[in-house]
Amino acid sequence: MTDKKFYLTTPIFYPNAKLHLGHAYTTTISDILVRYHRLQGEKTYFLTGSDENTQKVVQAAKAAGVTPTEFLDGIIRNFKTLFYSPNISYDQFIRTSDEEAHWPGAVLLWKKLVEAGDIYKKEYEGLYCVGHEAFITEKDLVDGKCPDHGSAPEKIQEENYFFKLSRHTQAIKEKIESGELQIIPDTRRNEILSLLSQGLEDVSFSRPRTDSSVGIPVPGDDSQVMYVWCDALSNYITALGYGRDDALYKEFWPVNLHVIGKDILRFHAAIWPGVLLSAGLPLPKALLVHGFITSGGKKMSKTLGNVIDPEELLAEYGTDAVRYYLARHISPFEDGDITRESFKDVYNADLANGLGNLTARILQLAQTHLEKPVAVEMTPAPKKFSDAMDRFEIHKALEYIWSRISALDHKITETAPFKLVKTDPEKGKAIITELVHELAAIDLLLEPILPETSKKIIEAIVANKKPETLFTRKQ
Ligand code: MSP
């Protein structure tokens, strides 16, 4: 046991539609990292949740002909059953519509910004993109439309509260440059540093309340609600009880790692640190910024017909197969691609023929030739593996595991224990025992990545019995 702690957060997801594979990527790599730290004996805390105070939800509910609350309850059930339980081992699922858990902390944070003199009111005119939940500029548009969402932004003129982000530019820059706030990978760090060197502008932090408004009223001014990003970012501390019962906050803040996608870098690496500095709170230690998942080299879209539904993949191949593909074949630092064909090929090659076949071969030999189970012990993770995991290079950690899997395969072919047991039983059995030991060592490394499979393998080793087929080959 160590007294180290590891607090990790995912972004909170917009619940205006079901989750897609991109979201599954964020939660999967997050879960792998948390499980890895938990296995080192660290005290971990894993937060995920949903970003509910948004016009997107109001619009989606309207289209479905239900109230926002009814709509949300249905979607959240989908979130939880699909991704989060049981294999995404989160400790808390925060919903920002939760007036008891989330709102007091968001209100307290706002008040701290007011006390710091960083909130002011201003007449504002701009182009608002509901898809982004943000104001965008004329130069972002293509043919008058937001290129990411394909819709024209609304021209809005209104009075808003603003946060004096500009004032904190230099301090944020220093924290990033000194490495106090780490941004991984370097490409994203450079991207944000170049933005900071141009100077940050103040940001809109509230919207006027309308009949369809959802969200937290601005303290002292009921005519305004907090802008979605201001209310959303604070979830990382309200979930720990900031503003109500802060035992968890004291234990786990500052967070060790915020896992985010590249599209929300600016919010996390500029606005969030600015808010925390203004409120006098410690900054996150690190941000891991991953890329986007594409299919056939293109952004997944309904019109292109290349959307891959995670529900379908999970039903057809199982949780561990989906975890494996995402963790091994998509780098956490760049965009990555998946198609149904690439998924099937990888599944057959690496899981059915690779790990599955190897386990079956070894445990068939053990079951037939060894009188009792091999006593396996915990072996410390090799440096190559732990270095990769510590650098968040999950894909490299997996490459390493699979190199040991193929080395073990070769060892069986070279030593041919199935023949040897007939001519020299003692030597044959000794080799089979070695094979089981190596399989157990590999299995231990797999635990945070493929938790179900890893459990099946170790149980089979302990029972000295070939397990049911781990991964059935797909045609
Ligand atoms: N609600 C905000 C986050 C607030 S955090 C205080 C949000 N939600 S989201 O549902 O749109 O996106 C959640 C995460 O999914 C983001 O990290 C985003 O980058 C990620 N992804 C969305 N599409 C993705 C892919 N196609 N590929 C990989 N991740 C992607 O933004």
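Which residue in the turn between strand 4 and strand 5 has a positive phi? Good morning, colleagues. The residue in question is Glu133, with a phi of about 55°. I should state at once that the structure before you is a predicted model.

Let me stay with this hairpin for a moment. Strand 4 and strand 5 form the hairpin, and 4 residues lie between them. Strand 5 covers residues 134–136, and its pairing with strand 4 is antiparallel, with 3 bridges. Within that pairing, Ala134 of strand 5 stands opposite Cys129.

Strand 4, residues 119–129, has a further partner in strand 6, residues 154–163. These two strands run antiparallel and are joined by 10 bridges. To locate one position in this pairing, please find Gly126, whose bridge partner in strand 6 is Ile156.

I turn now to another sheet. Here 3 strands form an open, antiparallel sheet, and their order is 9-11-10. Strand 9, residues 206–208, and strand 10, residues 217–218, are the edge strands, each of them pairing on one side only. Strand 11 spans residues 221–226 and is linked to strand 10 by 2 bridges in the antiparallel sense. Asp221 in strand 11 serves as the bridge partner of Val218.

Which helix lies across strand 9, strand 10 and strand 11? That is helix 4, residues 103–115, and it runs at about 105° to strand 11.

My last topic is the ligand. There are 22 residues around it, and those that come nearest are Ile12, Asp51, Gly261, Asp263 and Ile293. Three of these residues deserve a closer description. The side chain of Asp51 places an N or O atom 2.7 Å from a nitrogen atom of the ligand. At Gly261, a polar backbone atom is 2.9 Å from an oxygen atom of the ligand. At Asp263, an N or O atom of the side chain is 2.5 Å from an oxygen atom of the ligand. On its own, the ligand has 670 Å² of accessible area, of which the protein covers 91%.

Which elements supply the shell around the ligand with at least two residues each? They are strand 1 (5–13), helix 1 (21–39), helix 7 (228–233), helix 8 (235–238) and strand 12 (257–261). Sorted by class, the shell comprises 12 nonpolar, 8 polar and 2 charged residues.

To close, I return to two places worth finding in the structure: the turn with Glu133 and its positive phi, and the ligand, with Asp51 among the residues that come nearest. Thank you for your attention.

Notes:
Residues numbered from 1 in each chain as written. Predicted model: local features only at pLDDT ≥ 70, side-chain atom pairs only at ≥ 80, totals over all residues. Heavy atoms only, no water. Near = heavy atom within 4 Å. Polar contact = N/O pair within 3.5 Å; in protein donor to acceptor, adjacent residues only side chain to side chain. Areas by Shrake-Rupley, 256 points an atom, 1.4 Å probe, with all protein chains shown as cover. Nonpolar A, V, L, I, M, F, W, Y, C, P; charged D, E, K, R; others polar. Pairing = 2+ DSSP bridges. Contact = heavy atoms within 4.5 Å. Axes fitted to C-alpha atoms, helices over the stretch in contact; angles between N-to-C directions.
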